[in-house]
Protein chains: 4
Amino acid sequence: MAKISGAPNRLSSSDASDTQIADVQGRADPRQLAINKVGICDIRHPVSIAQRSGGHQATVATFGMYVNLPHEFKGTHMSRFVQILNAHEHQITLESFKQMLTEMTERLESDNGHIEMSFPYFIDKFAPVTREKGVMDYEVCFIGDRIDGQTQMHVRVKVPVTTLCPCSKDISKYGAHNQRSLITLEVRADEFFWAEELIEMAESEGSCELFGILKRIDEKVVTERAYENPKFVEDVVRDIAIRLNDDERFRRYRVESENFESIHNHSAYAMIEHDKDAANS
Amino acid sequence: MAKISGAPNRLSSSDASDTQIADVQGRADPRQLAINKVGICDIRHPVSIAQRSGGHQATVATFGMYVNLPHEFKGTHMSRFVQILNAHEHQITLESFKQMLTEMTERLESDNGHIEMSFPYFIDKFAPVTREKGVMDYEVCFIGDRIDGQTQMHVRVKVPVTTLCPCSKDISKYGAHNQRSLITLEVRADEFFWAEELIEMAESEGSCELFGILKRIDEKVVTERAYENPKFVEDVVRDIAIRLNDDERFRRYRVESENFESIHNHSAYAMIEHDKDAANS
Amino acid sequence: MAKISGAPNRLSSSDASDTQIADVQGRADPRQLAINKVGICDIRHPVSIAQRSGGHQATVATFGMYVNLPHEFKGTHMSRFVQILNAHEHQITLESFKQMLTEMTERLESDNGHIEMSFPYFIDKFAPVTREKGVMDYEVCFIGDRIDGQTQMHVRVKVPVTTLCPCSKDISKYGAHNQRSLITLEVRADEFFWAEELIEMAESEGSCELFGILKRIDEKVVTERAYENPKFVEDVVRDIAIRLNDDERFRRYRVESENFESIHNHSAYAMIEHDKDAANS
Amino acid sequence: MAKISGAPNRLSSSDASDTQIADVQGRADPRQLAINKVGICDIRHPVSIAQRSGGHQATVATFGMYVNLPHEFKGTHMSRFVQILNAHEHQITLESFKQMLTEMTERLESDNGHIEMSFPYFIDKFAPVTREKGVMDYEVCFIGDRIDGQTQMHVRVKVPVTTLCPCSKDISKYGAHNQRSLITLEVRADEFFWAEELIEMAESEGSCELFGILKRIDEKVVTERAYENPKFVEDVVRDIAIRLNDDERFRRYRVESENFESIHNHSAYAMIEHDKDAANS
């Protein structure tokens, strides 16, 4: 990371110590009201994410980091969140993310902790015919909850696809309106899996997946593929839900699809959520 | 509203009828999967909102409108949502919003319905000393759920205030960092109340409220008021929670405060949520 | 507009007067540096806009208001901008907008002034076959410059349309990728015209225009219309430029089109700008 | 970067070749209208940026890439922009950025080219007293124009600082409103310089610079520093302009400052722009 050395009129060091300064946050609070979440948000940080294909990928994440605050304290110590973040910037996996969550909860002397880390994630994709290498970007979010000593993880991916309208195709002499649609898929992660698996699942269930680069012969194939595979937003979320229902690793999920309609100035939307264990009980 | 008459090369009418066209959405679906929410979102519409001070105020709302879809239908009829919206554009109150929710749920032949309507809301405020009239804008959201024949309403307001840091004031020779903070307050609305009441409650619990216009003598007063009334984000949410706890009309609430810190490039955040009836049971 | 009466712990009036307070902004400045633009921005205000179809439409505008500041003054008086805005909230036309610009420049004792007022604008549109009435929203911006006693106006409209890819149609067995595209059209307004005229011009030159509501028989017609009328972003801006070139009222323009590509996760973009008088000289 | 292998129902390769496919874009166009800019935008790509402190920093950039299109061609070849981007993803400096611009203009057979590359850039900063290491994020943008064989570069930085109001301080018994302010500084880059130099210049001219982490003793120092150094937005842009005027490397610049006012729900803004060579001629 770049360094800035102090310019002449910028702040300079002194030898005062933080311990000589009043700790207003640490004072007793008389209001008898615990706070559910307190912390920092909208903080950007460079991170390095483990990839299924091996190695790590450098990207930039936006964090929210929170703990609960018992009723007896006036405030939390916000700078500690930043210290924990600074200590963990490299090579994040689901495992090391959990460690950061545990460390934060202990360091802030709290019962509960919550971290959200959202970042663009890049995957090399090859055009379907020419095999030209392109890059696709997806938004991935790791969400961790630490509650009474137990950690629970969720992973969310946002995956853009093409959807082509079955009604428009069915009723028209030729053509069919289609558009970019954004699939949002969030699952509870009890067992290990790769974000790439969720992304592939979502891409498989649009009318066609997107690519970073397409030559003309590729464009012909994706155009025809979408036309052969029309889907409403309702179809997209159902077909993904079927795949999630069949995979024992995913006990709880929510799948959404939003069409940025090419014939309207608003969106069409559908969502299915399911908790297999709640449904079984 | 303005009208556009058809330009020469724009689409012209025909005498075909919609009933002659295949209804793809209405077909049977074999996947045995109900959809929790299906509908339209990101649709803007002019609305007119009843004011506590009397009369109505014209503004622009962004809507999300959804119903559930039983497993046996392939899709919903998206155009009906728009028809319902078009029929209700004027003079919306909490009451007429509930009627729109009921009508939507019935018209779409669904068990459950959900509408969110978010809009900027303007209130005349008078500068504290000069009484110069200014205008403040707030973001207000009406949220309605219709579940198995029962309607439940929530109202959310976003209220910007000043917060001045108690720690910074306490430890510094002079001055104290302060900043704009955004309070988000959402309550379940079992009994009638005005959004203005929530806004006043939030404004009363920052270090100082904001104004659309301040002359110098007003600026002096708000500067000193904030300095005399330092608050962490933790203090803001606790002080609002105390007021909500004391008001029997509000059975469930969530209050958040986010400081756009003037000494950092990230935010400080706190949240309290409470369900009085769950806590009592 | 709603009114808030002072809650008990909110700020109360005093009888001090602003004129007894030091005017820091009005002090002399020794740096010998004039400021090109100084003022307020991101301020929202309810407005009422004259419509071509008659009457006015209520909407919400976001303003930026600026003047130049001669080198001899330390600062401008920000509250005066807000006062001017408050005095002009109703029934804005291009004419009254110009008056506000002149008044602002005079009131702030400046040579130059600049106002931008951006707002959603709603137009009733009728579905092409069923004539079902829907509402379309567009973003319109009035831009005024007052320079050395002369006023110049620009109007900008953002118009969403469908574009259908000519290449995709040409090379594919069936279907063609299409998507929502946003046309941005800004013209210098020397002579009077309606924003509706620019909007219609833009809508006429996409592959198809958008509608707020479409029944199935309408959807058939717009699907086929787009397929019969394929256009690249390059075609869209050229075809609009041709129409602007033919209209003597528009002496200077810029037209942009951005396709939110349905086969990629990025946009395709094209822009033409032209100043007829510069070209003739 | 991660790789996705083809899932069973995803698109598979064929041995067709792109050259057998009609080139619709390359066809002749009869409209006699050249296009000023055509290309792709809103495309995200991982990049690696050379740092003044040595080495490179990995981050994520959003690109816009455009060329002009002579009147005789129907369209440009959008996939070539992506190919150029894919070939240049690593270790970008101002020099290699210029090469990419030249290569793009040549490859697209155009006279003019334009690239914008905007990215978050992270710099280690040390708290003023404790020397605790934090990270600050800034938005940096490289802007390149290739016109008739000549290349011109601009660099833009967005730098958040604290500003404390001189008027509020002067007229109040104690305290002064302050807030985060965003300085935007864009300069023409005829000679080499580091983005870090612009960032330091901007940070030196707020009331106080921001830090990623501050312990209490640091917070005391920055609070007092801001109080001792009150500045209007007008002061901020003038003081930066003076420094830019004194530096012969910067021939043309624009400096803006926007205060997210802590006493209002809108911003205060100032801007100075200057072209030394135009002023001298």
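**Entry 1. A:Glu224**

I looked up A:Glu224 and found that this residue counts as buried, at 8% relative accessibility. The cut-off for buried is under 20% relative accessible area, so the value of 8% for A:Glu224 falls in that class. I note here that the model is predicted.

I placed A:Glu224 in helix 5 of chain A, which covers residues 216-228. I then asked which side chain makes a polar contact with the side chain of A:Glu224. The partner is A:Lys220, at 2.8 Å. Setting aside neighbours within four places in sequence, I listed the residues in contact with A:Glu224 as C:Ile171, C:Ser172, C:Lys173 and C:Tyr174.

**Entry 2. Chain B against chain A**

I next turned to the contact between chain B and chain A. I recorded 52 residues of chain B in contact with 52 residues of chain A. The area buried between the two chains came to about 4000 Å², and carbon and sulfur atoms give 58% of it.

For charged pairs, I noted ten salt bridges between chain B and chain A. I examined B:Asp239 with A:Arg31, which form a salt bridge whose closest N and O atoms are 2.8 Å apart. I also recorded 32 residue pairs in polar contact between chain B and chain A, both residues being at pLDDT 80 or more.

Which elements of chain B give two or more residues to the side that touches chain A? I listed strand 2 (35-50), strand 3 (56-69), helix 1 (78-87), helix 3 (166-171), helix 6 (233-246) and strand 10 (267-275). By residue class, I found that this side of chain B divides into 29 nonpolar, ten polar and 13 charged residues.

I then checked strand pairing across the two chains. Strand 10 of chain A (residues 267-275) is joined to strand 2 of chain B by five bridges, and the two strands run antiparallel. In this pairing I traced A:Met271 to its bridge partner B:Lys37, in strand 2 of chain B.

**Entry 3. Strand 7 of chain B**

Within chain B, I looked at strand 7 (residues 178-188) and found it mostly covered, with ten of its eleven residues buried. I asked with which strands strand 7 of chain B pairs in the antiparallel sense. One is strand 6 (residues 150-164), over eleven bridges, where B:Thr162 has B:Arg180 of strand 7 as its bridge partner. Another is strand 9 (residues 252-260), over seven bridges, where I found B:Ser257 of strand 9 to be the bridge partner of B:Ile183.

**Entry 4. Strands 7, 9 and 10 of chain D**

In chain D, I found strand 7 (residues 178-188) and strand 9 (residues 252-260) paired in the antiparallel sense over seven bridges. D:Glu186 has D:Arg254 of strand 9 as its bridge partner. I followed D:Arg254 onward to D:Glu273, its bridge partner in strand 10. Strand 9 and strand 10 (residues 267-275) of chain D run antiparallel, joined by nine bridges. I also recorded that these two strands form a hairpin with six residues between them.

**Entry 5. D:Ala189**

I closed with D:Ala189, located in the loop between strand 7 and helix 4 (195-204) of chain D. Is D:Ala189 buried or exposed? I found D:Ala189 buried, because its relative accessible area is 8%. Not counting residues up to four places away in sequence, D:Ala189 touches D:Met153, D:His154 and D:Val155. I also took the C-alpha to C-alpha separation of D:Ala189 and D:Ile143, which is 9.6 Å in space for 46 residues in sequence.

Technical notes:
Residues are numbered from 1 along each chain as its sequence is written. Chains are lettered from A and ligands numbered from 1 in the order in which they are written. This is a predicted model: local features need pLDDT of at least 70, side-chain atom pairs count only at pLDDT 80 or more; totals for chains, interfaces and linings use all residues. Side-chain values use heavy atoms; hydrogens and water are left out. Contact means heavy atoms within 4.5 Å. Buried area is the accessible area (1.4 Å probe) that two parts lose on being put together, summed over both. A salt bridge is a side-chain nitrogen of Lys or Arg within 4 Å of a carboxyl oxygen of Asp or Glu. A polar contact is a pair of N or O atoms within 3.5 Å; within protein, one must be able to donate a hydrogen and the other to accept it, and residues adjacent in sequence count only if both atoms are side-chain atoms. Helices (H or I, at least four residues) and strands (E, at least two) are DSSP runs, numbered from the N terminus. Ala, Val, Leu, Ile, Met, Phe, Trp, Tyr, Cys and Pro count as nonpolar, Asp, Glu, Lys and Arg as charged, and the others, Gly among them, as polar. Two strands pair if DSSP finds at least two bridges between them. Buried means under 20% relative accessible area, exposed over 50%, partly exposed in between (1.4 Å probe, protein chains only).
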